[in-house]
Amino acid sequence: MTSFVFGPTSRRIGREIVMKPVLLVDDSPTMLSSMSSILKKAGFACETAGTGEAAVSKVSGGLAPCLVITDYHMPGMHGVDLIGKLRKMAPTRFVPMLVLTTESQPEKRGAAKAAGATGWLVKPVDPTALLQVVKQLVPGA
């Protein structure tokens, strides 16, 4: 008989073990598709949102991700504002959050950290490096 240790990123529904999804937020459909593909191939479930507002709506609607990866620059609510809002919501208060961007200025990193970002990834992201960071942040991944 095989045993399975449940971590905070999975739950049992009936006989199935379901991973909590990674929430990917980016206004670029290409980036969402690319990141989702990398994570799904590694066994992660993914939920995507094209705007910060859509991400907040999904969490308000019951989504409880194990990790949030958001673009910095998006129309409307940018990534730092999104992180600030998500940190005030119960399902995402303590969830690791990464900012994905082409920016590398210390001021912008500082603003992201002050809002509650756990880390910073610079585009383009190497798939191996992405998975290494995700596995460090998501227990049981």
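The following paragraphs lead through the fold, the nonpolar cores, one helix pair and one buried loop residue of this protein.

The model is a predicted one. Its secondary structure comprises 5 helices and 7 strands. Read from the N terminus, the order of these elements is β-β-β-α-β-α-β-α-β-α-β-α. The protein has 141 residues, of which 43% count as buried. Among the contacts with a separation of 6 or more, 59% are accounted for by residues 24 or more positions apart.

The interior may be considered next. The largest nonpolar core holds 23 residues, and those that touch the most other members are Leu23, Val25, Leu82, Leu86 and Val99. Several elements each supply at least two residues of this core: the strands β3 (22-25) and β6 (97-101), together with the helices α2 (52-60), α3 (79-87) and α4 (106-115). The most is given by α3, which contributes 4 residues. Leu82 offers a view of the surroundings at one position. Leaving aside residues up to four places away in sequence, Leu82 touches Val25, Gly52, Ala55, Val56, Thr70 and Met77. Another core, of 20 residues, lies apart from the largest one, and its members include Leu32, Leu67, Val134 and Val138.

Attention now turns to a pair of helices. Helix α1, residues 29-41, packs with helix α5, residues 127-137, at an angle of about 65°. The axes of α1 and α5 are 10 Å apart, and α1 passes α5 in a right-handed crossing. On the side of α1, the contact is made by Met35, Ile38 and Leu39; on the side of α5, it is made by Pro127, Leu130, Leu131 and Val134. The residues of this contact comprise 7 nonpolar, no polar and no charged. Val134 of α5, which takes part in the helix contact, is also among the residues of the core of 20 residues.

A final stop is a residue outside the helices and strands. Glu103 is placed in the loop between β6 and α4. Is Glu103 buried or exposed? Glu103 is buried, because its relative accessible area is 15%, and the cut-off for buried is under 20%. The side chain of Glu103 is joined to that of Lys108 by a polar contact of 3.5 Å. When residues up to four places away in sequence are not counted, Glu103 touches His73, Lys108, Trp120 and Val122. Lys108 thus appears both in the polar contact and among the residues that Glu103 touches.

Terms used: Residues numbered from 1 in each chain as written. Predicted model: local features only at pLDDT ≥ 70, side-chain atom pairs only at ≥ 80, totals over all residues. Heavy atoms only, no water. Core = buried A, V, L, I, M, F, W, Y, C linked by side-chain atoms within 4.5 Å. Buried < 20%, exposed > 50% of the residue type's maximum accessible area, 1.4 Å probe, protein only. Contact = heavy atoms within 4.5 Å. Axes fitted to C-alpha atoms, helices over the stretch in contact; angles between N-to-C directions. Left-handed = near helix turned anticlockwise from the far one by under 90°. Nonpolar A, V, L, I, M, F, W, Y, C, P; charged D, E, K, R; others polar. Polar contact = N/O pair within 3.5 Å; in protein donor to acceptor, adjacent residues only side chain to side chain.
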